[in-house]
Amino acid sequence: MQQEMGSEGSSSVVVPRNFRLLEELERGEKGIGDGTVSYGMDDADDVYMQSWTGTIIGPPNTVHEGRIYQLKLFCGKDYPDMPPSVRFQTRINMSCVNHESGVVSISFTETCYANLLCC
């Protein structure tokens with residue numbers, strides 16, 4: 001899949017899926033914000049860039065403070081048009097996460113993803 005980028009009133013540019021994923025990989029390797037979130041490829045030989053791992057360090061002054069959460073992400077062939085599937089490998093108590101499997105609810109993922117794309 002490909003993503004269209006551009007502002008209102010201008011022609012849109014279609015960015016191929018793997019270009020988008022390469023940009024995201026570069027951001028993940030450089031670190032985001034204060035360093036509490038990191039991510040990268042799960043398998044360097046994955047030419048389709050589908051399997052990712054992530055780490056989140058719980059933010060200060062929350063019940064998650066100081067905790068380290070490991071995640072697995074899967075960007076399917078329809079990414080970025082469809083959000084990745086997300087599964088916590090570390091136990092976490094959140095209503096949007098299945099307590100048995102660690103899978104983040106698809107409705108939660110879709111809502112968050114839609115909010116990220118619109119901004």
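**Cores, strands and aromatic pairs**

Setting aside neighbours within four places in sequence, Val86 is in contact (heavy atoms within 4.5 Å) with Leu71, Lys72, Leu73, Gly102, Val103 and Val104. The model is a predicted one, in which local features need pLDDT of at least 70 and side-chain atom pairs count only at pLDDT 80 or more, while totals for chains, interfaces and linings use all residues. Residues are numbered from 1 along each chain as its sequence is written, and side-chain values use heavy atoms, with hydrogens and water left out.

Val86 also belongs to the largest nonpolar core, a group of 8 residues completed by Tyr69, Leu71, Phe88, Ile92, Cys96, Val97 and Val104. Such a core is a set of buried Ala, Val, Leu, Ile, Met, Phe, Trp, Tyr and Cys residues joined through side-chain atoms within 4.5 Å. Buried here means under 20% relative accessible area, with exposed over 50% and partly exposed in between (1.4 Å probe, protein chains only). At least two residues of this core come from each of β5 (68–74) and β6 (85–88). A second, separate core has 7 residues, among them Leu25, Met49, Cys75 and Tyr79.

Next, the strands, which are DSSP runs of E with at least two residues, numbered from the N terminus. Two of them pair if DSSP finds at least two bridges between them. β5 and β6 run antiparallel and are joined by 4 bridges; Leu73 has Val86 in β6 as its bridge partner. β4 (51–57) and β5 are antiparallel too, over 7 bridges, and Gly54 sits opposite Leu71 in β5.

As for rings, those of Phe, Tyr and Trp (its six-membered ring) pair if their centres lie within 6.5 Å; planes under 30 degrees apart count as stacked, over 60 as edge-to-face and the rest as tilted. There are 2 aromatic pairs in the structure. Tyr39 and Trp52 make a tilted one, at 6.1 Å centre to centre and 50 degrees between the planes. It links Tyr39 in β3 (37–41) to Trp52 in β4, 13 residues apart, and both residues are buried. Tyr69 and Phe88 pair edge-to-face, at 6.2 Å and 90 degrees. Tyr69 lies in β5 and Phe88 in β6, so this pair ties together parts that are 19 residues apart in sequence.

Tyr69 also meets His64, which is found in the loop between β4 and β5. The two side chains share a polar contact of 2.7 Å (a pair of N or O atoms within 3.5 Å; within protein, one must be able to donate a hydrogen and the other to accept it, and residues adjacent in sequence count only if both atoms are side-chain atoms). His64 counts as buried because its relative accessibility is 18%.
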